[in-house]
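This report describes charged side chains, one helix and some backbone features. Please read it beside the sequence and the model shown below.

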Amino acid sequence: MIITSPCFLYTSDIATEIADYADVAKRIIDLAVFGAAQNRSYRRLADFTDTIGNRVSGSENLNMAIKYMYNAMTQDGLDVHLEPVKIPHWVRGKESAVMIVPRVKNLAILGLGSSVGTPPEGIEAEVLVVQSFEELKHRASEATGKIVVFNQPFVSYGETVAYRAYGASEAAKVGAVATLIRSITPFSINSPHTGWQDYQDGVKRIPTACITVEDAELMWRLSKRGQKIMIRVTMAAKTFPDADSFNTVAEIKGWQHPEQVVLLSGHLDSWDVGQGAMDDGGGAMISWEVLSLIKDLGLRPRRTLRTVLWTAEEQGGVGAQQYYNLHKVNISNFDLVMESDLGTFRPEALQFTGSDAARKVMEEVVKLLAPINMTKLETHGEGTDISPWMQAGVPGASLYVADSRYFWFHHSEGDTMSVQDPQDMNLCSALWAVVSFVVADLQDMLPR
């Protein structure tokens, strides 16, 4: 006898069940986009980023940000608590770079997270410019004692970020004394972009920073003409012992299955430049906004809606990994994990990772977004912080936005409130709220 899981019998039943949420979805959308909550997530983001500024892992600003959000969400009438974690504490310190041959030119730089510093007097050396790891290997004999400049073209963030992450160790293997890496961006107005980098075990740790696209290309042209280039780099970067921090958790408890959870998230930390408005203040704010919208409408889902504002995402999802380690014992109760960390520009689709049966459910859920014309379901939910859950088989979703400008401002002084649009954030909040509420309120959890 074959027993079929009830989850797989329902295609028409589930479609009917979800279609019945059309009125609720419309109420959520109306409140977020046209009603009293219009522009609220944008205002909250402006207040937060203008008050706190940027919030790098281990900093006093990040501590202030966590306190700020704990108080703000508590005042909003939500059930809020903090979960302690340990996070990296790297401090940039004073830094500068200057080209001294063939002419004197100051170079705009941003040291990369976890980089070691230089000696106090800096490092002065001749430059070897390469465009790929492959070229570095071919020219390994030329690299000893040099500062290696990587002028790799931008293909996509996912592909090109390898130079930022591994450039220092690859150059150190062939005897380089420091690395300067072309910023990982398709667009530049002489703006360096920072980010985390990873030293390989057993390889000498050399100072590493990002330079602007313009300066990387300048040095590439000079080197192609056979001109000798000399640079002096000075960096006071330091790593301190891990710091105490918190993931910030707010929730609306489910009325029937409070132990089952739909998790919404964004990260509260940022880099130490700009305001961290786009990465990822916006994602954090729309994840709070969902709970506000549901509460304002007097709705209560069957399962718990839980918003988690992660700490130390920029260092490799550090806070989120500790959350997973702590809560994975209850993994069967996690219905859906959601993360917004690609900006809150105009939303275009929901990205989803899960079983074919779960995808069928989600295809029906996004139909409820017809009033704002956002009914597309794409493949591959993504997010550093939710990836441990997805790898373990929990369905995952992320916000897909019109993000062509995202990497223009990413990890740079340009990530400020000026890149945000209130109407776009209203639409993001509406999408985020409809999807999470409906999934949390369905009779059955998403099939694995």
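A salt bridge is a side-chain nitrogen of Lys or Arg within 4 Å of a carboxyl oxygen of Asp or Glu. The model is predicted, so local features need pLDDT of at least 70 and side-chain atom pairs count only at pLDDT 80 or more, while totals for chains, interfaces and linings use all residues. Residues are numbered from 1 along each chain as its sequence is written, and side-chain values use heavy atoms, with hydrogens and water left out.

**Salt bridges**

Side chains of opposite charge can pair when their charged atoms come close. By the rule above, the count comes to 23 salt bridges. Three of them are tabulated here.

| Pair | Closest N to O distance |
|---|---|
| Arg 92 and Glu 95 | 3.0 Å |
| Lys 295 and Asp 296 | 3.5 Å |
| Lys 376 and Glu 378 | 3.5 Å |

Salt bridges that share partners join Arg 40, Arg 44, Asp 76, Glu 289, Lys 295 and Asp 296 into one network. Accessibility is classed as buried (under 20% relative accessible area), exposed (over 50%) or partly exposed (in between), using a 1.4 Å probe and protein chains only. Arg 92 is buried at 10%. Lys 295 is partly exposed at 31%, and Asp 296 is partly exposed at 39%. Lys 376, at 48%, is partly exposed, as is Glu 378 at 26%.

**Arg 164**

Arg 164 belongs to helix α7, residues 157-173. Helices (H or I, at least four residues) and strands (E, at least two) are DSSP runs, numbered from the N terminus. Where does the nearest side chain of opposite charge to Arg 164 lie? It is that of Glu 314, 6.3 Å away, and Arg 164 is buried yet has no salt bridge. For charge, Lys and Arg count as positive and Asp and Glu as negative; His and the chain ends are not counted. A polar atom of the Arg 164 side chain lies 3.1 Å from the backbone oxygen of Trp 196. With contact meaning heavy atoms within 4.5 Å, and residues up to four places away in sequence not counted, Arg 164 touches several residues, including Leu 112, Tyr 157, Trp 196, His 410 and His 411.

**Helix α4**

The expected span of a helix is 1.5 Å times one less than its number of residues. For the 16 residues of α4 (residues 60-75) this gives 22 Å, and the end C-alpha atoms are 23 Å apart, which agrees. The buried residues of α4 are Leu 62, Ala 65, Ile 66, Met 69, Ala 72 and Met 73. Seen down the helix axis, these buried residues fall within an arc of 140 degrees, so they line one face of α4. The arc is that of the directions from the helix axis to the C-beta atoms. They pack against α3 (40-52), β1 (79-91), β10 (238-252), α9 (277-296) and β12 (303-310). The face of α4 turned away from its buried side carries the exposed residues Lys 67 and Gln 75. Just after α4, Gly 77 takes a positive phi of about 85 degrees.

**Backbone features**

Most residues other than glycine have a negative phi, and most peptide bonds are trans. A cis peptide bond joins Val 101 and Pro 102, with omega about 10 degrees; Pro 102 is in the loop between β2 (95-101) and β3 (105-107). Another cis peptide bond joins Asp 279 and Asp 280, with omega about 5 degrees, and Asp 280 is in helix α9. Ser 114 has a positive phi near 85 degrees and is buried at 15%. Asn 373 has a positive phi near 60 degrees and is exposed at 67%.

How values were computed
Polar contact = N/O pair within 3.5 Å; in protein donor to acceptor, adjacent residues only side chain to side chain.
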